[in-house]
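User: I have a model open and want to go through its fold, its helix packing and its charged pairs. Can you take my questions in turn?

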Amino acid sequence: MSYVKKRSVLPIYFIGGTWLVWALLAPLYRPTHYIMAALASFIAYHVGKMLFPDRGYELQEEAAAKPEPQAAPKREEKPKSTGNAEIDALLVERDRAVGEMRRLNDSIKDVKISAQISHLETTTGKIIDAVVEKPAKLPQIRKFMNYYLPTTLKLLNAYDRMDSTGVSGTNIDGTKGKIEEMLDTVCVAFSRQLDALYGEEALDISADIKVMEQMLQQEGIGGMTLGGL
């Protein structure tokens with residue numbers, strides 16, 4: 001907000017009017033006449049200033065439109081590091097593979113294949129999670145990660161591309177049929193891979209059970225089940 005002073009022009013008219021009246025009513029042929037006319041106009045000017053003083057008012061300045069700050073582009077959050085480069089890479093591959101399976105599941109409308117993809121997605125996540133929990137198991141899934149998983153995704157993508165053509169033909173139908181048959185075996189293979197990761201735990205638990213059974217027999221309660229204790 002700023003203060004603006006507006007000068008009145010009426011006092012200037014008073015000067016002009018004074019000279020006009022003087023020229024009509026008084027002589028203007030001697031220097032003294034002009035001096036007296038100037039003095040009269042000076043007095044008229046100040047009288048006009050008193051009657052019509054300058055006026056001031058406050059000017060409301062419109063705030064300059066400031067450009068809205070552009071939102072900073074969202075940075076893709078990097079997954080937190082586990083401190084193990086191989087496990088970090090494994091997590092990245094898990095997210096990529098699971099995301100691709102979900103995309104394919106949405107694209108492929110066949111009910112049976114959709115159910116198989118859901119099974120593969122869940123099993124893949126469990127396999128990798130088991131290794132993340134115990135990195136020592138990483139060598140057990142190298143063939144799975146390097147061949148079985150990427151090849152399965154390749155087959156599913158091929159099926160999706162052929163199915164999306166909407167065309168029936170010897171090559172398309174034959175290839176789709178082979179992939180459909182192969183998926184049954186793939187689902188079993190993925191399940192076996194997950195089961196194999198718990199082989200050591202199964203042995204350890206079997207050993208614990210055997211030791212407990214021997215201790216119970218020594219206590220004379222070998223015939224009782226653990227649930228009856």
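User: What pattern does the chain follow, read along the sequence?
Analyst: This is a predicted model. The chain has seven helices and two strands. Read along the sequence, their order is β-α-α-β-α-α-α-α-α.

User: What share of the 229 residues is buried?
Analyst: Buried here means under 20% relative accessible area. Over the 229 residues of the chain, that class makes up 25%.

User: Among contacts with a separation of 6 or more, what percentage comes from residues 24 or more positions apart?
Analyst: Take the contacts in the chain with a separation of 6 or more. Residues 24 or more positions apart account for 69%.

User: Are helices H4 and H5 roughly parallel or antiparallel?
Analyst: H4 spans residues 111–133 and H5 spans residues 142–164. Their axes come within 13 Å and cross at roughly 160°. Angles over 145 degrees count as roughly antiparallel. So H4 runs, relative to H5, roughly antiparallel.

User: Is the crossing of H4 and H5 left-handed or right-handed?
Analyst: The handedness is assigned to the way H4 passes H5. That crossing is left-handed.

User: Which residues meet between H4 and H5, and how do they divide into nonpolar, polar and charged?
Analyst: H4 contributes Ile113, Ile117, Leu120, Thr124, Ile127 and Ile128. H5 contributes Phe144, Met145, Leu149, Thr152, Leu156 and Tyr159. The residues of this contact divide into ten nonpolar, two polar and no charged.

User: Is Thr152 buried or exposed, and what does Thr152 touch?
Analyst: Thr152 is found in helix H5. Its relative accessibility is 4%, so Thr152 counts as buried. Leaving out residues up to four places away in sequence, Thr152 touches Leu120, Val186 and Phe190.

User: How many salt bridges does a search of the whole structure find?
Analyst: Side chains of opposite charge can pair when their charged atoms come close. The cut-off for a salt bridge is 4 Å between nitrogen and carboxyl oxygen. The search of the whole structure finds nine.

User: How far apart are the closest N and O atoms of Arg96 and Glu93?
Analyst: Both residues sit in helix H3, residues 85–107. They are three residues apart, so about one helical turn separates them. Arg96 is partly exposed at 44% relative accessibility, and Glu93 is partly exposed at 23%. Their salt bridge brings the closest N and O atoms to 2.7 Å.

User: Which residues are joined into one network by salt bridges that share partners?
Analyst: Start with Asp95, which forms a salt bridge with Arg94 at 3.2 Å between the closest N and O atoms. Asp95 is partly exposed, with a relative accessible area of 44%. Now take a pair elsewhere: Arg103 in helix H3 and Asp160 in helix H5. Back to shared partners: these salt bridges join Arg94, Asp95 and Asp129.

User: How many residues separate Arg103 and Asp160 along the chain?
Analyst: Arg103 forms a salt bridge with Asp160, the closest N and O atoms being 3.9 Å apart. The pair links distant parts of the chain, helix H3 and helix H5. Arg103 and Asp160 are separated along the chain by 57 residues.

User: Of Arg103 and Asp160, which is buried and which is partly exposed?
Analyst: Arg103 has a relative accessible area of 38%, so Arg103 is partly exposed. Asp160 has a relative accessibility of 10%, under the 20% cut-off. The buried partner is Asp160.

Definitions and conventions
Residues are numbered from 1 along each chain as its sequence is written. This is a predicted model: local features need pLDDT of at least 70, side-chain atom pairs count only at pLDDT 80 or more; totals for chains, interfaces and linings use all residues. Side-chain values use heavy atoms; hydrogens and water are left out. Axes are lines fitted to C-alpha atoms, for helices over the stretch in contact, and angles run from 0 to 180 degrees between N-to-C directions. Helices (H or I, at least four residues) and strands (E, at least two) are DSSP runs, numbered from the N terminus. Angles under 35 degrees count as roughly parallel, over 145 as roughly antiparallel, 65 to 115 as roughly perpendicular and the rest as oblique. A crossing is left-handed if the near helix is turned anticlockwise from the far one by less than a right angle, and right-handed if clockwise. Contact means heavy atoms within 4.5 Å. Ala, Val, Leu, Ile, Met, Phe, Trp, Tyr, Cys and Pro count as nonpolar, Asp, Glu, Lys and Arg as charged, and the others, Gly among them, as polar. A salt bridge is a side-chain nitrogen of Lys or Arg within 4 Å of a carboxyl oxygen of Asp or Glu. Buried means under 20% relative accessible area, exposed over 50%, partly exposed in between (1.4 Å probe, protein chains only).
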